[in-house]
Each structure stands twice: as C-alpha cells, then as structure tokens.
Amino acid sequence: MTPIDLRSDTVTTPTHEMRQAMMTAPIGDDVYGEDPTVNRLEAKAAELTHMEAALFAPTGTQTNLLALLAHCQRGDEYIVGSDAHTYMYEGGGAAVLGSIQPCTIPFNEKAELPIIKIQSAIKPNDPHFARTRLVALENTQHGRVLNTPYLKEVSQLCQQQELGLHLDGARVFHATTKLNIQISEITQHLDSISICLSKGLCAPVGSLLCGNKDLIAKARRYRKMLGGGMRQAGILAAAGLIALEKMPERLQEDHDKAQALSALLKSIEGLTLRENWNQTNMVWADFDNPIGSLLTQHCAANGIKISPDDSSMRLVLHKDISHDQINRIGQVFSQFFEQT
Ligand SMILES: *Cc1c(COP(=O)(O)O)cnc(C)c1O
C-alpha cells in the first residue's frame with residue numbers, strides 16, 4: 001500500500017499530462033534566452049500577474065533570495081515575519097549571501113504584520129541604522145490567507161516610505177481559491193511575488209519570480225551567480241506551464257479535503273484544532289500532551305506519514321490524497337487518542 005503522506009504538498013507527483021508535455025516540449029539553452037518553453041512560462045506568469053516580467057528558477061528559496069538581492073543592497077534591512085519562510089527556513093540566505101539584515105515582527109492571528117508594528121520598525125535615515133528597504137509578507141502563511149484590503153494598506157505605507165513590497169506567494173493560488181479572486185487582485189499591490197509550482201500545483205520542480213523589467217533583469221543576473229541558470233530547462237517549464245495554467249482550478253478540492261478531515265478530527269479528545277488557521281489545504285491542531293513522536297509511530301505503522309512537533313501538527317492535503325483516504329486517516333487518529 002502506498003503511504004498517505006500528509007507532511008507537505010511538495011510530495012505531489014506530476015500528472016500524466018505533465019509527463020507527456022515534458023517529453024515533447026520544444027527546448028533550447030535558457031542561459032542564452034533560447035528556450036521557447038521557459039520563455040512561454042515566464043510570459044504567461046507576467047500576463048497572469050499583470051507584471052512586466054517573470055523569471056523561472058529551481059526553487060522558491062531561490063526566487064525569494066533573488067527578490068531580496070534585487071530589492072536590497074549590502075547593509076539594507078528588510079521587515080519580515082519572525083517565523084516567515086524567508087527568514088526561518090531558507091538557511092539565512094539573505095544575511096549570508098546578501099548581507100541584508102532582517103528586522104522581524106511576529107505575525108498576528110490573521111498572519112498579518114500589523115501596520116503599526118511595520119511603521120515603528122522603519123528606521124530613520126541616520127548613520128546609526130541599517131537602511132530599511134523592503135517589507136516581505138507571506139500568503140498563505142501556515143495556511144492562513146491575507147485579505148486584499150490589508151495588502152492595499154501595506155502597499156500604501158510602502159509607497160509613502162519608499163519601500164519595496166515583496167510577497168512570498170509559495171501558495172498564493174490557495175489564497176486566490178479561498179478568496180475566489182484573480183491573482184492580479186493580489187499582485188496589483190506588490191513590487192514582486194514568488195510563486196511555487198512544485199507544491200499543490202504538482203510540478204516536479206520550479207518557482208517563478210514576477211516583478212518589473214528592471215527588477216527581473218537584476219534577478220536574472222543573481223540567478224546566474226547563484227548557479228540557477230539552467231540550460232534546457234524547458235523540460236521542467238513544460239510541467240510548470242500546466243501547473244500555472246490548469247492546476248489552480250483543482251485546489252478547491254484540497255481545501256474540501258482539509259475541511260472533511262477537520263470535521264473528523266474535531267470531536268477527538270486530546271486534540272484541539274486551530275479553527276481559524278484551517279482555511280485552505282492545511283489542518284493545524286495542538287495536543288493536550290506532548291505525544292508528537294508516539295503519534296508519528298502510530299501513524300507510520302498504519303501507512304500514514306506525518307511530521308508533528310511534540311505538541312502540535314500540520315496536516316497538508318494535496319492531489320495525491322484521495323477523498324476515500326480521509327476517513328481512514330480520521331480512524332487512525334481516533335484510534336490513537338482513544339488508547340492514550
Ligand atoms: C515551500 C515554501 C517556499 C520555498 O520552498 P522551496 O522548497 O525552496 O521551493 C517558500 N515559502 C514558503 C511559505 C513555502 O512554503
């Protein structure tokens with residue numbers, strides 16, 4: 001039996017259509033700008049986001065780093081959530097490779113950096129301080145969706161203060177699905193966005209950075225510097241095009257599966273759902289006792305992969321988990337909590 005993998009939506013495998021497209025894609029050397037499939041993917045991303053240009057890169061870690069390097073200089077500072085992916089889970093790349101200093105602010109319950117906190121984090125123009133250059137938000141953040149009036153407010157503040165605004169939109173299509181809006185309604189407020197094709201959208205590899213021509217030209221230079229200039233990358237971009245054009249439509253299904261699983265876990269004693277976090281394809285829950293590793297073992301013995309910490313867990317729903325498997329997952333969890 002293939003395991004049910006709830007650790008992340010990065011585990012999704014490419015669809016049959018993607019594999020076919022990868023086999024037949026027209027290709028060329030993308031470092032010379034001659035891969036027609038990469039060019040098509042980048043043009044499509046720019047079109048969808050109503051931005052001037054886009055760049056295809058191997059990972060979301062790299063597209064976030066490219067954005068930071070393109071927005072900021074050595075000695076500049078960016079304002080970021082204290083457990084944002086960019087800051088916490090990317091090896092400190094901005095500091096290590098860009099000499100860009102993070103200024104962290106805790107996310108509030110709505111996954112926002114409160115406007116008033118951003119305002120007070122912006123440094124005056126004074127040689128004592130690093131130069132504040134950029135605000136970086138995340139959407140979705142731990143499955144939580146940012147509303148567009150908030151994005152507009154942050155964007156206005158950034159314009160007044162002459163700061164750039166970057167969005168880590170690794171799962172931005174989960175947000176557009178939840179809000180039932182076009183991605184351009186989000187990107188109109190931004191200077192740059194990073195989008196992962198390799199999560200819920202099921203491409204095997206790849207992320208996109210979108211922004212104005214000037215920013216993307218800088219990012220293209222840094223991509224080469226970081227070793228991200230790929231040659232016949234059209235083989236990957238072919239799957240990426242399907243991810244971008246067709247796969248956002250299927251995300252509602254993942255949200256529905258998350259709701260179905262939530263409903264099953266809700267009544268289990270010993271486990272408390274974070275109701276207002278469970279908006280998209282993730283189910284978050286806290287345990288009354290530190291049973292994380294016991295639960296992992298119990299699930300593994302029943303063919304389910306999870307990666308909780310001691311006292312909480314994140315379950316991620318995606319294409320490779322079927323509706324039929326949801327009941328089974330619910331049973332395995334109930335069984336465990338009845339025993340303990
Ligand atoms: C997955 C993810 C990224 C990028 O991760 P890669 O594995 O490098 O593609 C960036 N931000 C968030 C919020 C993510 O979930």
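Let's start with a pair close to the beginning of the chain: R7 and D5 form a salt bridge, with 2.6 Å between the closest N and O atoms. Keep in mind, please, that this is a predicted model. Of the two partners, D5 is buried at a relative accessible area of 11%, while R7 is partly exposed at 33%.

That pair is one of 19 salt bridges found in a search of the whole structure. I'd like to show you two others.

Take R133 and D76, whose closest N and O atoms are 3.0 Å apart in a salt bridge. This one ties together distant parts of the chain: R133 belongs to strand β5, residues 131–138, and D76 to strand β3, residues 76–81, with 57 residues separating the pair. How accessible is D76, buried or exposed? D76 has 0% relative accessibility, so it counts as buried. R133, on the other hand, is partly exposed, with a relative accessible area of 31%.

Next, please look at R250 and E253, where the side chains meet in a salt bridge at 3.9 Å, N to O. These two have company: through salt bridges that share partners, R250, E253, D254 and K257 are joined into one network. Here the arginine, R250, is buried at 13% relative accessibility, and E253 is partly exposed at 37%.

Now for an acidic residue without such a partner. D168 sits in strand β6, residues 164–168. It is buried yet has no salt bridge. Which side chain of opposite charge is nearest to D168? That would be K199, 6.7 Å away, and a salt bridge needs the nitrogen and the carboxyl oxygen within 4 Å, so this pair does not qualify. What D168 does have is a side-chain polar contact with the side chain of N64, at 3.1 Å. Setting aside neighbours within four places in sequence, the contacts of D168 include N64, H85, T86 and E90, as well as L137, E138, N139 and S194.

N139 brings me to the backbone. The peptide bond from N139 to T140 is cis, with omega near 0°. T140 lies in the loop between β5 and α7, the latter being residues 148–160. For context, most peptide bonds are trans, and most residues other than glycine have a negative phi.

On that second point, I have two residues for you. S99 is not a glycine, and its phi is positive, at about 50°. You'll find S99 in the loop between α5 (93–98) and β4 (101–105), and it is partly exposed, with a relative accessible area of 35%. C202 also has a positive phi, near 75°. Its place is in the loop between β7 and β8, where β8 covers 207–211. C202 is buried, with a relative accessible area of 0%.

Last stop: the interior space. How many cavities of 30 Å³ or more are there? The count comes to one, and the volume of the largest cavity is about 40 Å³. Its lining runs through G169, A170, R171, V172, F173 and H174, then I195, C196, G200 and L201. Which elements supply at least two residues each to that lining? They are α8 (172–179) and β7 (192–196), with α8 giving the largest share, three residues.

If you have the model open, do go back to D168 and its polar contact with N64. Thanks, everyone, and I'm happy to take questions!

Technical notes
Residues numbered from 1 in each chain as written. Predicted model: local features only at pLDDT ≥ 70, side-chain atom pairs only at ≥ 80, totals over all residues. Heavy atoms only, no water. Buried < 20%, exposed > 50% of the residue type's maximum accessible area, 1.4 Å probe, protein only. Helix = DSSP H or I, 4+ residues; strand = E, 2+ residues; numbered from the N terminus. Lys, Arg positive; Asp, Glu negative; His and termini not counted. Polar contact = N/O pair within 3.5 Å; in protein donor to acceptor, adjacent residues only side chain to side chain. Contact = heavy atoms within 4.5 Å. 1 Å grid on protein atoms, 1.4 Å probe; cavity = no way out; pocket = protein on both sides within 12 Å on 5 of 7 lines; lining within 4 Å. Points joined across faces, edges and corners; volume = space filled by probe spheres on them.
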